[in-house]
Amino acid sequence: MEPAAILEMYKLLFEKYHVVVDFLITDDDISIKATMKWSNADTMTNLGLNEPPHIINPKGEKVVRPDKGGTPAHMPETKFAADPNHRKKSLNNVLCQLESYNNDKSMTMTKMDVLRLGTSFAHMVRMLPYCEECNYVNKGKAVLQHHFDNHEYCGDWYCRKEQTQQQKEDAKKHYRSKETDPKLYNELEKRIDRFITLDAFKEVSHGMDTNTNESFNNVVAWLAPKNKTYSKSKSLKKQNISCSWCYIHWIA
């Protein structure tokens, strides 16, 4: 439903209001990105290609891109940017997967590690709009290094840099150690790596988010919960819900 709705709004803006959408901020939803492309035939025509566009599938094989594009050929394809909050959730999902393993495979990973790494990543991303693009990768290294008590990549504002050696020793219990947890460090480095590349940072460095949209979505979900089905029911037509809907439309 979401991909279809976004495509219709995109076409409406272009056809009726003559607005060209430069880029869309969304979560890492593959279906939305696929729908907002040209069809394979239109892509070949518009770009002068001799063969349909290809992608690399999860097996690492080069295959023809699934032909799901719905953007008309006379309209430009939009670019995509990522929502920082959803990107943090994606990172947390990868980290939670490690934490959910048994003791041997989890390498002592805990929920607190997930929380701290996710929070560090979120704070770092929020600072990217105020940094030069050439510094993005170094800023990203701070996420993991900070967790293991290496503050080389942290900003000058970080107070631990000014602490005495005794103060640092006293506070070590708050940090992981590369000496005592080398396997965990290596595993986290592999899992976090794709989230801290230059291309990944370009997608989230715009300084915007979808908080307003999520808030509105929560209001609608309160009236019509996603996990409930009202088939052949009058539940959504009660007077109080109808009044609430009017109020929502009035706000919008």
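This passage describes the nonpolar cores, two of the helices, the aromatic pairs and some individual residues of a predicted model.

It is natural to start with the interior. In soluble globular proteins, nonpolar side chains tend to be buried together. In this model, the largest nonpolar core comprises 25 residues. Leu-95, Met-109, Phe-121, Leu-188, Ile-192 and Phe-201 are the residues with the most contacts inside this core. Two or more residues each are given to the core by helix 4 (84–99), helix 6 (111–127), helix 7 (136–147), helix 9 (182–192) and helix 10 (198–204). Helix 6 provides the largest share, with 5 residues. A second core, separate from this one, has 8 residues, among them Leu-7, Val-21, Leu-24 and Ile-32.

Helix 6 merits a description of its own. This helix has 17 residues, and the distance from its first C-alpha to its last is 25 Å, close to the 24 Å expected at 1.5 Å a residue. Its buried residues are Asp-113, Val-114, Leu-117, Gly-118, Phe-121, Met-124 and Val-125. Viewed down the helix axis, the buried residues of helix 6 fall within an arc of 130 degrees, so they line one face of the helix. On the face turned away from this buried side are the exposed residues Lys-111, Leu-115 and His-123. The cover over the buried residues of helix 6 includes helix 4, helix 7, helix 9 and helix 10.

Helix 7 comes next. Tyr-136, Gly-140, Ala-142, Val-143, Leu-144, Gln-145, His-146 and His-147 are the buried residues of this helix. Among the elements that cover them are helix 6, helix 9 and helix 10.

The aromatic residues add further detail to this picture. A pair of aromatic rings is described by the distance of the centres and the angle of the planes. The structure contains 2 aromatic pairs. In one of them, the ring centres of Tyr-136 and Phe-201 are 6.4 Å apart and the planes stand at 85 degrees, so the pair is edge-to-face. Because Tyr-136 belongs to helix 7 and Phe-201 to helix 10, the pair ties together parts that are 65 residues apart in sequence. Both partners are buried: Tyr-136 has a relative accessible area of 7%, and Phe-201 has a relative accessibility of 0%.

Phe-148 and Tyr-185 form another edge-to-face aromatic pair, with 5.1 Å from centre to centre and 80 degrees between the planes. This pair also links distant parts of the chain, with Phe-148 in the loop between helix 7 and helix 8 (165–170) and Tyr-185 in helix 9, 37 residues apart. Phe-148 is buried at a relative accessible area of 4%, and Tyr-185 counts as buried at 12% relative accessibility.

The surroundings of Phe-201 can be followed a little further. Leaving aside neighbours within four places in sequence, Phe-201 is in contact with Phe-121, Met-124, Leu-128, Tyr-136, Val-137, Gly-140, Phe-195 and Ile-196. Of these residues, Phe-121 and Met-124 are among the buried residues of helix 6, while Tyr-136 and Gly-140 are among those of helix 7.

A buried polar residue is found elsewhere in the chain. Thr-43 lies in helix 3 (residues 40–47) and counts as buried at 5% relative accessibility. Its side chain makes a polar contact of 3.2 Å with the side chain of Arg-65. With neighbours within four places in sequence left aside, the residues in contact with Thr-43 are Trp-38, Gly-48, Leu-49, Pro-53, Arg-65 and Glu-77.

Finally, a few words on the backbone. Most residues other than glycine have a negative phi, and most peptide bonds are trans. Thr-108, although not a glycine, has a positive phi of about 70 degrees. Thr-108 sits in the loop between helix 5 (103–106) and helix 6, and at 42% relative accessibility this residue counts as partly exposed. Asp-149, likewise not a glycine, has a positive phi of about 65 degrees. Asp-149 comes just after helix 7, in the loop between helix 7 and helix 8. With a relative accessibility of 23%, Asp-149 counts as partly exposed.

Conventions. Residues are numbered from 1 along each chain as its sequence is written. Side-chain values use heavy atoms; hydrogens and water are left out. A nonpolar core is a set of buried Ala, Val, Leu, Ile, Met, Phe, Trp, Tyr and Cys residues joined through side-chain atoms within 4.5 Å. Buried means under 20% relative accessible area, exposed over 50%, partly exposed in between (1.4 Å probe, protein chains only). Helices (H or I, at least four residues) and strands (E, at least two) are DSSP runs, numbered from the N terminus. Contact means heavy atoms within 4.5 Å. The expected span of a helix is 1.5 Å times one less than its number of residues. The arc is that of the directions from the helix axis to the C-beta atoms. A polar contact is a pair of N or O atoms within 3.5 Å; within protein, one must be able to donate a hydrogen and the other to accept it, and residues adjacent in sequence count only if both atoms are side-chain atoms. Rings of Phe, Tyr and Trp (its six-membered ring) pair if their centres lie within 6.5 Å; planes under 30 degrees apart count as stacked, over 60 as edge-to-face and the rest as tilted.
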